[in-house]
Structure formats: C-alpha cells, structure tokens
Amino acid sequence: MPDLAPEDLSPRISWALISDPYVACRREADYESETIASFRKGEIYEIKGNRTVLVDEEKETWYALGDGWVPSSAVEVYSNKLKAESARKKSLSRD
C-alpha cells in the first residue's frame, strides 16, 4: 500500500485521473482560452474547483486542476486519491 497523506482520503477533496492521451490545460474554462500546460493519460490531480459553462448551447463541466482548467470529458473523477490510483493501474494495464 502506498504512503498516504491525510488529504489523500479526505471526503472534502476530489481527484481527477486524466483519461485522454493528452489534455490541454487552459487558463480559463473555455476551448478558445490559452493553453498553459498539458497533461497525459494516467496523471492524477487534486480538483481545486469546477465550473459549468455553455459550449455550443450545451452545458459542460470543467475542472480546475493546478492553475488551469480541463473539460470533464478528459477526466474521471474519484472521491479519494487511493481510488484514482487504483483506477490508473487498471487503465494503464489495459493499454
């Protein structure tokens, strides 16, 4: 079992597992916003917040990871880091 910090299992913190091969992390929750970083499949980040925005007249949730935003379609959300790490192992073993 990996070493866990208290926040890794906190019910108040959610974790995002990147599910797409590469994801652009944008300055704002908008596809037209500047790309400030990129994430790769299998990386795990603490979710700092979320925002629902209109994209082509459809509602879409974006998650704040680090200093930027990624769309919900590019991540899987878990209630603790241990679950996210377990899902990562399963996901990467299928590839």
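Before the close-ups, one definition: a residue is called buried under 20% relative accessible area, exposed over 50%, and partly exposed in between (1.4 Å probe, protein chains only). By that scale arginine 51, at 36% relative accessibility, counts as partly exposed.

This is a predicted model, so local features need pLDDT of at least 70 and side-chain atom pairs count only at pLDDT 80 or more, while totals for chains, interfaces and linings use all residues. Residues are numbered from 1 along each chain as its sequence is written, and side-chain values use heavy atoms, leaving out hydrogens and water.

**View 1. The whole chain has one helix and seven strands.** Helices (H or I, at least four residues) and strands (E, at least two) are DSSP runs, numbered from the N terminus. Following the sequence, you will meet them in the order β-β-β-β-β-β-β-α. Of the 95 residues in the chain, 35% are buried. The chain exposes about 6200 Å², and carbon and sulfur atoms supply 45% of that; these areas come from the Shrake-Rupley method with a 1.4 Å probe, and for residues only the protein chains shown count as cover. Contact here means heavy atoms within 4.5 Å. Among contacts between residues at least 6 apart in sequence, 54% join residues at least 24 apart.

**View 2. The largest nonpolar core holds 11 residues.** A nonpolar core is a set of buried Ala, Val, Leu, Ile, Met, Phe, Trp, Tyr and Cys residues joined through side-chain atoms within 4.5 Å. Here the members are Ala16, Ile18, Val23, Cys25, Phe39, Ile47, Tyr63, Leu65, Val70, Ala74 and Val75. Strand S1 (15–18), strand S2 (22–26) and S5 each contribute at least two of these residues. A second, separate core has six residues, including Ile13, Trp15, Ile44 and Ala87. Take a moment with isoleucine 47: leaving aside neighbours within four places in sequence, isoleucine 47 is in contact with Ser14, Trp15, Ala16, Tyr63, Ala64, Leu65 and Val77.

**View 3. S4 and S5 form a hairpin with two residues between them.** Two strands pair if DSSP finds at least two bridges between them. S4 and S5 run antiparallel and are joined by eight bridges, with valine 55 standing opposite glutamate 58 in S5. The turn is worth a close look. Most residues other than glycine have a negative phi. Aspartate 56, in the loop between strand S4 (44–55) and strand S5 (58–65), has a positive phi near 50°. Glutamate 57 lies in that loop between S4 and S5 and has a positive phi of about 65°, although it is not a glycine. Are these two residues buried or exposed? Aspartate 56 is exposed, with a relative accessible area of 72%, and glutamate 57 is exposed, at 76%.

**View 4. S5 also pairs with strand S6 (residues 68–71).** The two strands run antiparallel and are joined by four bridges. Tyrosine 63 has valine 70 in S6 as its bridge partner, and both residues belong to the largest nonpolar core. This hairpin has two residues between the strands, and glycine 66 takes a positive phi near 65°.

**View 5. Asparagine 80 sits in the loop between strand S7 (75–78) and helix H1 (81–94).** With a relative accessible area of 12%, asparagine 80 is buried. A polar atom of the asparagine 80 side chain lies 3.1 Å from the backbone nitrogen of leucine 82.

**View 6. The structure holds three salt bridges.** A salt bridge is a side-chain nitrogen of Lys or Arg within 4 Å of a carboxyl oxygen of Asp or Glu. Glutamate 34 pairs with arginine 27, the closest N and O atoms being 3.0 Å apart; glutamate 34 is partly exposed at 48%, and arginine 27 is partly exposed at 43%. Arginine 51 forms a salt bridge with glutamate 28, with the closest N and O atoms 3.9 Å apart. That pair links distant parts of the chain: arginine 51 is in strand S4 and glutamate 28 in the loop between S2 and strand S3 (35–40), 23 residues apart. Glutamate 28 is partly exposed, at 42% relative accessibility. Finally, lysine 48 and glutamate 46 meet through their side chains (3.8 Å, N to O). Here lysine 48 counts as exposed at 57%, whereas glutamate 46 is partly exposed at 26%.

How values were computed
A polar contact is a pair of N or O atoms within 3.5 Å; within protein, one must be able to donate a hydrogen and the other to accept it, and residues adjacent in sequence count only if both atoms are side-chain atoms.
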